[in-house]
Amino acid sequence: LAACLSLGASAFAALDIAGVRIEDTATVGGVKLQLNGAGIRYKGPFKVYVGDLYTTQKVKSLDELIAAPGPKRLTMTFLREIDSAAFGKLLTRGIEDNISKAEMSKVVPGMIKMGDIFAANKSFVAGDVCALEWDPAKGLSIWAKGKLQAEPFKDPAFFRALMSIWFGHTPADWKLKDQMLG
């Protein structure tokens with residue numbers, strides 16, 4: 001009976017957003033993270049991906065996210081086909097919209113490396129997953145389609161710049177920002 005009740009409780013804890021199952025926990029670097037929030041990224045009237053954010057403690061801003069101890073994970077599960085090179089350019093634009101020129105000069109090497117990663121993947125189709133995992137011990141790992149894309153990015157400034165796309169002062173999607181920040 002206890003096993004059935006615990007299975008039932010965990011089944012209800014997960015969310016379903018646009019047909020994508022969002023678990024209430026994730027593990028990065030051996031650390032169990034809690035779902036901070038999740039939602040849909042829209043581009044005009046189109047649903048592009050479901051985004052979810054996992055942290056060690058609840059966060060409500062970019063500064064809180066960066067200051068939170070331990071690993072973090074942002075996952076995007078695509079709902080439609082998108083050219084990955086175009087997606088990489090959108091990420092670059094999102095960084096440019098949210099950081100100063102002085103900060104930009106410091107993160108250019110990371111942006112070039114990230115551009116190469118997305119160009120190599122050609123496209124994402126419905127169901128493909130891209131995960132950004134920050135582990136303070138290793139750095140930022142980018143996973144696409146279940147595969148680690150390159151050696152981790154060690155620069156915390158690049159991680160902050162990348163997270164500003166979703167949680168900065170000019171996010172890519174305000175509603176998604178609010179949903180992922182709970």
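In this predicted model, Asp63 is partly exposed, with a relative accessible area of 48%. That value falls short of the exposed class, because a residue must be over 50% to count as exposed. The side chain of Asp63 meets that of Arg160 in a salt bridge, at 2.6 Å from N to O. The two partners come from distant parts of the chain: Asp63 belongs to helix α2 (residues 62–67) and Arg160 to helix α5, 97 residues apart. Arg160 is also partly exposed, at a relative accessible area of 29%.

This contact is one of five salt bridges found in a search of the whole structure. Another joins Arg41 to Asp173, where the closest N and O atoms are 3.9 Å apart. Arg41 sits in strand β4, whereas Asp173 is in the loop between α5 (156–167) and α6 (174–180), so this salt bridge ties together parts that are 132 residues apart in sequence. Arg41 and Asp173 are both buried. A further salt bridge is formed by Arg73 and Glu133, with 3.5 Å between the closest N and O atoms. Here too the pair links distant parts of the chain, with Arg73 in strand β6 (residues 72–78) and Glu133 in strand β9 (residues 129–135), 60 residues apart. Glu133 has a relative accessible area of 14% and is buried, because the limit for that class is under 20%.

Strand β4, which holds Arg41, spans residues 31–43 and pairs with β3 in the antiparallel sense over four bridges. One position to look at is Val28, which stands opposite Val31 in β4. What lies between the two strands of this hairpin? Two residues separate β3 from β4, and in the turn Gly29 has a positive phi of about 60°.

Which side chains of β3 are buried, and which are not? In a regular strand, side chains alternate between the two faces of the sheet. Strand β3 (residues 25–28) shows such an alternation. Ala26 and Val28 point to one face and are buried, while Thr25 and Thr27 point to the other face and are not buried.

Aromatic rings make another set of contacts, and the structure holds nine aromatic pairs. Among them is the pair of Tyr49 and Phe87, whose ring centres are 6.2 Å apart and whose planes stand at 90°, an edge-to-face arrangement. Tyr49 lies in strand β5 (residues 46–55) and Phe87 in helix α3 (residues 84–96), so that the pair links parts of the chain 38 residues apart. Both residues, Tyr49 and Phe87, are buried.

Phe87 also pairs with Phe118, again edge-to-face, at 5.5 Å centre to centre and 75° between the planes. This pair links helix α3, which holds Phe87, to helix α4 (residues 101–120), which holds Phe118, across 31 residues. Phe118, like Phe87, is buried. Which residues belong to the cluster that ring pairs build? The members are Tyr49, Phe78, Phe87, Phe118 and Phe124.

A ring can also have a charged side chain over its face. Lys113 lies over the face of Phe153, at 4.3 Å from the ring centre.

How values were computed: Residues are numbered from 1 along each chain as its sequence is written. This is a predicted model: local features need pLDDT of at least 70, side-chain atom pairs count only at pLDDT 80 or more; totals for chains, interfaces and linings use all residues. Side-chain values use heavy atoms; hydrogens and water are left out. Buried means under 20% relative accessible area, exposed over 50%, partly exposed in between (1.4 Å probe, protein chains only). Two strands pair if DSSP finds at least two bridges between them. Rings of Phe, Tyr and Trp (its six-membered ring) pair if their centres lie within 6.5 Å; planes under 30 degrees apart count as stacked, over 60 as edge-to-face and the rest as tilted. A charge sits over a ring if NZ of Lys or CZ of Arg is within 6 Å of the ring centre and within 35 degrees of the ring normal. A salt bridge is a side-chain nitrogen of Lys or Arg within 4 Å of a carboxyl oxygen of Asp or Glu.
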